[in-house]
Amino acid sequence: MGIETSCDETAIAVLADGRTVLSNIISSQIDIFKNYGGVVPEIASRHHLENINGVLEEALTAAGVTLDDIDLIGVTDGPGLIGALLMGVSTAKALAFAKDIPLVGVHHLMSHISANYIDYPELEPPFMALITSGGHTEIVRVEDYCHCEVLGGTRDDAVGEAYDKVARVLGLGYPGGPKIDKIAKEGDPEAIHFKRVYLEKDSFDFSFSGLKTSVLNYINHEKQAGREINRADVAASFQEAVMDVVAEKAVQAVARSGMKKLVMAGGVAANSRLREKLGALCEKEGIELYRPHPALCTDNGAMVACAAYYKYKSGQKGSLDMDASPSMAL
Ligand code: KG4
Ligand code: ZN
């Protein structure tokens, strides 16, 4: 069983043998946070508390099992919102104690990477991974099921964060990522030129705060000049500027490592333009690209169960004094 509550999704899944999904129940708080324009941490944890027993029941019923059939519980213990994480960790500990089931804490990004093992049964490490989510943008070398080396990451905003902020100023609502993805399809990606920020030569780090400011400045400038803003063009041009850099750096990292496999992970891996761009670049470079189903890219319990399965198999076990850690290093 995998339990995920690091942000605004209360998610529990039951898997067989680490990779076969028997159930994957996700209760999203998106409708609540639409009214706030973003996640309010304290409200998120209260909703996890209200939802978690129902989600657990549903996950067991849909899988056709009872708690007596569960032989391992995996739970996200960081990074994430502390109050939200604690809801999952407390639930996992209570179940583990009551039913005497082994418990494993899982790093949120390791579980995002593991989503690929579910959709691609033949996939095995080592490979390169591009993690793009609401909180992270990282290029990592995945050595085995439990270890990886971070080659680069964002120095300011994560990609998803930049998407959500730009969507807000465009009045598209929350969460902005899927909204920008959708509206950008109707826009011209070359309508406005936003600078691509590559940082130092050979660096696999990212920076998106300058781009975000450029978009805000553009919008304010147009408004002051009394011109109407074409939201589709702004969205498409912003998206192109972000994804040009993200895709190029990821492929460069794979090429330099001599590896031939790249996996996509995290909520922003659901982005259609990024999937398309990486598809084309990887084909050109002879790199095998793994693109999990969009529903496995955003937060879910199945990826947590999968990551926990491999962590447990490698001999690592959690204990009932496990704590949640909001800023856990990968
Ligand atoms: O991995 P995730 O579900 O939660 C975190 O761990 O952060 O990622 C959520 C992020 C949000 O910023 C959301 O706007 C973004 O993923 N996202 C997308 C798309 N779907 C979700 N961004 C761009 N295009 C999408 N289609
Ligand atoms: Zn996530």
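**Figure 1. Backbone contacts of ligand 1 in the predicted model.** An oxygen atom of ligand 1 lies 3.0 Å from a polar backbone atom of glycine 177. In this predicted model, an oxygen atom of the ligand is also placed 3.1 Å from a polar backbone atom of aspartate 299. At glycine 135, a backbone N or O atom is found 3.3 Å from an oxygen atom of ligand 1. The ligand taken alone exposes 560 Å², and the protein buries 88% of that area.

**Figure 2. The residue shell around ligand 1.** The shell consists of 19 residues, and the closest to the ligand are His112, Gly134, Asp164, Asp181 and Asn271. By class, these surroundings comprise 11 polar, 5 nonpolar and 3 charged residues. The space that ligand 1 takes is the largest pocket. Three helices, α4 (108–119), α5 (159–169) and α6 (176–184), are the elements that give two or more residues to the shell around the ligand.

**Figure 3. The largest pocket, viewed as a protein surface feature.** The pocket that holds ligand 1 encloses about 970 Å³ of space. Its lining is made up of 37 residues, with Ser133, Gly134, Gly135, Asp164 and Tyr174 closest to the centre of the pocket. The elements that give two or more residues to this lining are α4, α5, α6 and α10 (294–297). Helix α5 gives the most, with 6 residues. The lining of the largest pocket divides into 15 polar, 14 nonpolar and 8 charged residues.

**Figure 4. The second largest pocket.** About 320 Å³ of space lies in the second largest pocket. Of the 17 residues that line this pocket, Met1, Leu15, Ala16, Asp17 and Asp71 lie nearest its centre. Strand β2 (9–16) and helix α11 (301–313) each supply at least two residues of the lining. The largest share, 4 residues, comes from α11. In terms of residue class, the lining of the second largest pocket has 11 nonpolar, 4 charged and 2 polar residues.

**Figure 5. Aspartate 17 and its backbone geometry.** Aspartate 17 is among the residues that lie nearest the centre of the second largest pocket. The residue is located in the loop between β2 and β3 (20–28). Its phi is near 55°, a positive value in a residue other than glycine. Most residues other than glycine have a negative phi.

**Figure 6. The enclosed cavity.** The model contains 1 cavity of 30 Å³ or more. The largest cavity has a volume of about 40 Å³. Its lining is formed by Lys195, Arg196, Val197, Ser207, Phe208, Leu211, Ala241, Val242 and Val245. Helix α8 (residues 231–257) gives the most to this lining, with 3 residues. By class, the residues that line the largest cavity are 6 nonpolar, 2 charged and 1 polar.

**Figure 7. Two cis peptide bonds preceding proline.** Glycine 78 and proline 79 are joined by a cis peptide bond, for which omega is about -10°. Proline 79 is found in the loop between β4 (73–78) and α3 (82–99). The peptide bond from proline 125 to proline 126 is likewise cis, with omega near 10°. Proline 126 lies in the loop between α4 and β6 (127–132). Helix α4 is also among the elements that give two or more residues to the shell around ligand 1. Most peptide bonds are trans.

Conventions: Residues numbered from 1 in each chain as written. Chains lettered and ligands numbered in written order. Predicted model: local features only at pLDDT ≥ 70, side-chain atom pairs only at ≥ 80, totals over all residues. Heavy atoms only, no water. Near = heavy atom within 4 Å. Polar contact = N/O pair within 3.5 Å; in protein donor to acceptor, adjacent residues only side chain to side chain. Areas by Shrake-Rupley, 256 points an atom, 1.4 Å probe, with all protein chains shown as cover. 1 Å grid on protein atoms, 1.4 Å probe; cavity = no way out; pocket = protein on both sides within 12 Å on 5 of 7 lines; lining within 4 Å. Sits in = over half its atoms within 2 Å of the grid points. Nonpolar A, V, L, I, M, F, W, Y, C, P; charged D, E, K, R; others polar. Points joined across faces, edges and corners; volume = space filled by probe spheres on them.
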